[in-house]
Amino acid sequence: MKLLKTNNIKLTIEYNGSNYSGWQSQKNEKTVQGEIEKAIFKFSGYKTVIQGAGRTDAGVHALGQCANFFIDKKYSEYQIINGLNFHLGNEKIRIVSAEIVEEKFDSRFSAKIKTYQYQIINRTSPSVLMSDFSLHIRPELNLNSMEEAIKKLIGKYDFSAFRARDCQAKNPIRTLEKVEIKRKNQIIYLNFSAKSFLYQQIRIMVGTIIEVGLQKIKPKDILDIINSKNRNLAGPTAPARGLTLVKIDY
């Protein structure tokens with residue numbers, strides 16, 4: 001059946017990434033994209049490929065992932081939300097909203113800013129309720145040093161020191177628009193906003209800022225690490241489970 005591009009549907013999606021091999025469809029692996037495409041087929045009878053705004057890694061979560069797809073059938077936004085959620089069944093994926101948008105809208109290339117948050121539980125005991133969504137660190141972290149260090153990441157840089165060795169991006173230059181670090185009781189939140197990020201860039205930046213909090217790296221060393229373009233000088237890659245794609249601005 002030929003699919004005519006008559007209706008462009010934008011989805012806002014929430015998911016617990018713990019049991020998925022990331023966003024992007026992979027052969028013989030369960031992914032968020034793959035499960036949503038199955039639900040669309042069950043709901044509408046159409047096989048279609050959805051375009052995600054960001055390819056979150058295995059174990060990364062989302063509160064505001066966005067995707068779009070074309071379908072040659074007319075449904076109300078209510079029907080799309082409830083139909084897809086019904087067919088997603090027990091999957092830890094939910095469609096939060098659905099919107100019929102103009103044909104030229106592309107969830108990936110139309111995005112202006114993506115905001116991610118990383119959560120750290122900083123106390124003696126790990127959290128039972130937050131264990132799937134945060135990193136537990138027992139020693140007390142120096143929040144003032146972390147705040148001083150994280151601000152040095154703002155701006156346009158070659159972030160080669162903060163990308164995974166198997167990153168396939170041709171251009172390592174990215175612009176970090178905004179960062180924020182705050183503590184509420186025993187939880188530390190690190191927020192990062194940019195148009196795009198390199199593969200595992202946020203998790204490596206978080207790992208480096210944690211090293212600052214543990215006083216293994218000095219805040220003033222951050223710019224030297226950036227300028228070195230040397231991955232070996234940055235901190236370890238923080239675990240995926242603490243990272244959540246919070247929202248995407250268009």
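## Surface and overall form

The accessible surface of the protein chain comes to about 13000 Å², and carbon and sulfur atoms account for 48% of that area. The model is a predicted one. Of the 250 residues in the chain, 52% count as buried.

The radius of gyration is 19 Å, which agrees with the value near 18 Å that a compact globule of 250 residues would have. Along the principal axes, the C-alpha atoms fill a box of roughly 60 × 40 × 30 Å.

## Secondary structure, contacts and charge

Five helices and 10 strands make up the secondary structure of the protein chain. Contacts between residues at least 6 apart in sequence can be split by separation: 71% of them join residues at least 24 apart.

The chain carries 39 positive and 24 negative charges. The mean positions of these two sets are 2 Å apart.

## Arg 183

Arg 183 lies in strand β8, which covers residues 173-184. Its relative accessible area is 28%, so Arg 183 is classed as partly exposed, the class between the 20% limit for buried and the 50% limit for exposed.

Two polar contacts of the Arg 183 side chain are described here. One joins the side chain of Arg 183 to the side chain of Asn 122 at 3.1 Å. In the other, a polar atom of the Arg 183 side chain lies 2.9 Å from the backbone oxygen of Asn 185. Setting aside residues up to four places away in sequence, Arg 183 touches Asn 122, Glu 140, Leu 141, Leu 143 and Ile 188. Gln 119 is 64 residues from Arg 183 in sequence, and the C-alpha atoms of the two residues are 9.8 Å apart in space.

## Asn 122

Asn 122, the side-chain partner of Arg 183, belongs to strand β5, residues 113-122. With a relative accessible area of 2%, Asn 122 is buried, whereas Arg 183 is partly exposed.

Besides the 3.1 Å polar contact with the side chain of Arg 183, the side chain of Asn 122 reaches the backbone oxygen of Ile 137 at 3.0 Å. When neighbours within four places in sequence are left aside, the contacts of Asn 122 are Ile 137, Arg 138, Pro 139, Glu 140, Leu 141, Arg 183, Gln 186 and Ile 188. Glu 140, Leu 141 and Ile 188 also appear among the residues that Arg 183 touches.

## Gln 200 and Gln 215

Gln 200 is not a glycine, yet has a positive phi of about 65°. Gln 215 likewise has a positive phi of about 65° without being a glycine. Gln 200 sits in the loop between β9 (187-194) and α4 (201-213). The place of Gln 215 is the loop between α4 and α5 (221-228).

The accessibility of each residue sets its class. Gln 200 has 18% relative accessibility and therefore counts as buried, the cut-off being under 20%. Gln 215 counts as exposed because its relative accessibility is 62%, and the class requires over 50%.

Key:
Residues are numbered from 1 along each chain as its sequence is written. This is a predicted model: local features need pLDDT of at least 70, side-chain atom pairs count only at pLDDT 80 or more; totals for chains, interfaces and linings use all residues. Side-chain values use heavy atoms; hydrogens and water are left out. Helices (H or I, at least four residues) and strands (E, at least two) are DSSP runs, numbered from the N terminus. The radius of gyration is taken over C-alpha atoms; the globule rule is 2.2 Å times the number of residues to the power 0.38. Buried means under 20% relative accessible area, exposed over 50%, partly exposed in between (1.4 Å probe, protein chains only). Contact means heavy atoms within 4.5 Å. Accessible areas come from the Shrake-Rupley method with a 1.4 Å probe; for residues, only the protein chains shown count as cover. Lys and Arg count as positive and Asp and Glu as negative; His and the chain ends are not counted. The place of a charge is taken as NZ of Lys, CZ of Arg, CG of Asp or CD of Glu. A polar contact is a pair of N or O atoms within 3.5 Å; within protein, one must be able to donate a hydrogen and the other to accept it, and residues adjacent in sequence count only if both atoms are side-chain atoms.
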